[in-house]
Amino acid sequence: MSAALMIPAAVSSAEASVVPGKIVSTSPQVTAVNTALPNITILATGGTIAGSSASTTDVTGYTAGALGINTLINAVPEMKQIADVSGEQIANVGSPDIDNEVLLKLAKRINALLATDDVDGVVVTHGTDTLEETAYFLNLVVKSDKPVVVVGAMRPATAISADGPFNLYNAVKIASSKEARGKGVMIELNDRIGAARYITKTNTTGTDTFKSVEQGYLGVVSGDKIYFYNEVKRKHTASSVFDVSNLTELPQVDILYEYQNNGSYLYDAAINAGAKGIVVAGSGNGSLSTASEKGAAKAVSKGVAVVRSTRTGSGVVTHSANDDKSGFVSSDSLNPQKARILLMLALTKTKNPAVIQTFFDEY
């Protein structure tokens, strides 16, 4: 496998219909090479792994999602030795532009694929900035024990030592593994296998950015072998109660950040903008200032769900008697962005904070 470029900077004519920044859909065009191998479908959404630049040393100013799924697959022919690989383009955007429409489209397509006997696992290529959010969403709504692996890259496809090709190869290898069944949605970068529930992006540009600081990794890929060490004890995938099959939209949930000298006006803004839920990235153990407490209480009085998370990056936000008194929900160890994902789905089931709390305790 080449350690240099995945592809030339110029995009082939076969990819001409793939437009960065657009939600697209193309039919699989990769021919099966060995029907005895596991059948893995790669669903592409864009991101750095599909990024392109005119310079081979540009790792920050590239165009994300410039390349289509067939270019990514053809750049790693070694995958065809471990799986019968096909690909579809779900979207082609930088991950900050992944929205609820894309999430629902992606989840429904995965569920449709995994419900058949023709697909043994799914790999999703994705930009890293919001990769953990998409992975956790899928972790809650995929209705199968078959492996789903979300993969990205920190360097664009045209960069020297691009990390995308080997990350993609490893993701397909994991998705092809029988041992990967039932482990929930996984994230693969930098040879680490992380659980969507636990792993998060921790560095702006480093290739080792995805870490599971407290709960640890599920496993690693080393010497072309997969090693699993841990299991996810929280509910996920086939055991989840959340179902998006009939949903066309998700409730609006906003995130507010706690800081010194903050006010309650941002709560008013969220309420007036139609938020059904608010996640507060609180200080320390999900602490709120006096002003935030007033804003959060007002939100609850308007029927808006409020979840206390933390801006610290790790640790459990413990539930308190004041939460029960105020109608607040504590996020357990979910960071604000993942707490938002769970709250969106919880609100499709109930507005009762006590019931929502059980979801945060169990998922």
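# A tour of the predicted model

There are four aromatic pairs in this predicted model. Select F242 and Y363 to see one. The centres of these two rings are 5.2 Å apart and the planes meet at 50°, so the pair is tilted. F242 sits in the loop between β10 (225-228) and β11 (253-257), and Y363 in the segment after α9 (353-362), so the pair ties together parts that are 121 residues apart in sequence. F242 is buried, at 0% relative accessibility, and Y363 is buried as well, at 1%. Now add F359 to the selection: F242, F359 and Y363 make up one aromatic cluster.

For a ring with a charge over it, select F228 and K183. K183 lies over the face of F228, 4.7 Å from the ring centre.

## Helix α3 and its partner

Select residues 131-141, which form helix α3. Eleven of the eleven residues are buried, so the helix is largely enclosed by the rest of the structure. Charged, polar and aromatic side chains can be picked out by name here: E132, E133, T134, Y136, F137 and N139 are among the buried residues of α3.

Next, show residues 336-346, helix α8, together with α3. Two packed helices are described by the angle between their axes and the distance between the axes. For α3 and α8, the axes come within 9 Å and cross at roughly 35°. The crossing of α3 and α8 is right-handed.

Which residues of α3 meet α8? From α3, select E132, E133, Y136, F137, L140 and V141. They meet Q337, K338, R340, I341, L342 and L345 of α8. The residues of this contact divide into seven nonpolar, one polar and four charged.

## From α3 to strand β7

Keep E132 and E133 on display and select T200, which is in strand β7. T200 is buried, with a relative accessible area of 13%. The C-alpha atoms of T200 and E133 are 9.0 Å apart, with the two positions 67 residues apart in sequence numbering. Leaving aside neighbours within four places in sequence, T200 is in contact with E132, T209, F210, K211, N335 and Q337. Two of these were on display at the previous stop: E132 in α3 and Q337 in α8.

Move on to T207, in the loop between β7 (200-201) and β8 (210-211). Is T207 buried or partly exposed? T207 is partly exposed, with a relative accessible area of 25%. Not counting residues up to four places away in sequence, T207 touches M154, R155, D163 and N190. For a distance across the model, draw a line from T207 to A66: the C-alpha atoms are separated by 20 Å, and the two residues are 141 residues apart along the chain.

## Two buried loop positions

Select G47, in the loop between β1 (39-46) and α1 (69-74). G47 is buried, with a relative accessible area of 1%. Which residues does G47 contact, leaving aside its neighbours within four places in sequence? They are A64, G65, V93, G94, H126 and G127. A line from G47 to D97 spans 9.7 Å, C-alpha to C-alpha, and the two are 50 residues apart in sequence.

Then select S95, in the loop between β2 (84-93) and α2 (100-114). S95 counts as buried, at 4% relative accessibility. With neighbours within four places in sequence left aside, S95 is in contact with H126, G127, T128, D129 and T130. H126 and G127 also appear in the list for G47, so display G47 and S95 together with them.

## Positive phi outside glycine

Most residues other than glycine have a negative phi, and most peptide bonds are trans. The last two stops have a positive phi.

Select S161, in the loop between β4 (148-151) and α4 (164-175). S161 is not a glycine, yet its phi is positive, at about 55°. At 37% relative accessibility, S161 counts as partly exposed.

Finish at N261, in the loop between β11 and α5 (265-272). The phi of N261 is near 65°, again a positive value in a residue other than glycine. Where S161 is partly exposed, N261 is exposed, with a relative accessible area of 79%.

How values were computed
Residues numbered from 1 in each chain as written. Predicted model: local features only at pLDDT ≥ 70, side-chain atom pairs only at ≥ 80, totals over all residues. Heavy atoms only, no water. Phe/Tyr/Trp six-rings, centres within 6.5 Å; stacked < 30°, edge-to-face > 60°. Helix = DSSP H or I, 4+ residues; strand = E, 2+ residues; numbered from the N terminus. Buried < 20%, exposed > 50% of the residue type's maximum accessible area, 1.4 Å probe, protein only. Lys NZ or Arg CZ within 6 Å of the ring centre and 35° of its normal. Axes fitted to C-alpha atoms, helices over the stretch in contact; angles between N-to-C directions. Left-handed = near helix turned anticlockwise from the far one by under 90°. Contact = heavy atoms within 4.5 Å. Nonpolar A, V, L, I, M, F, W, Y, C, P; charged D, E, K, R; others polar.
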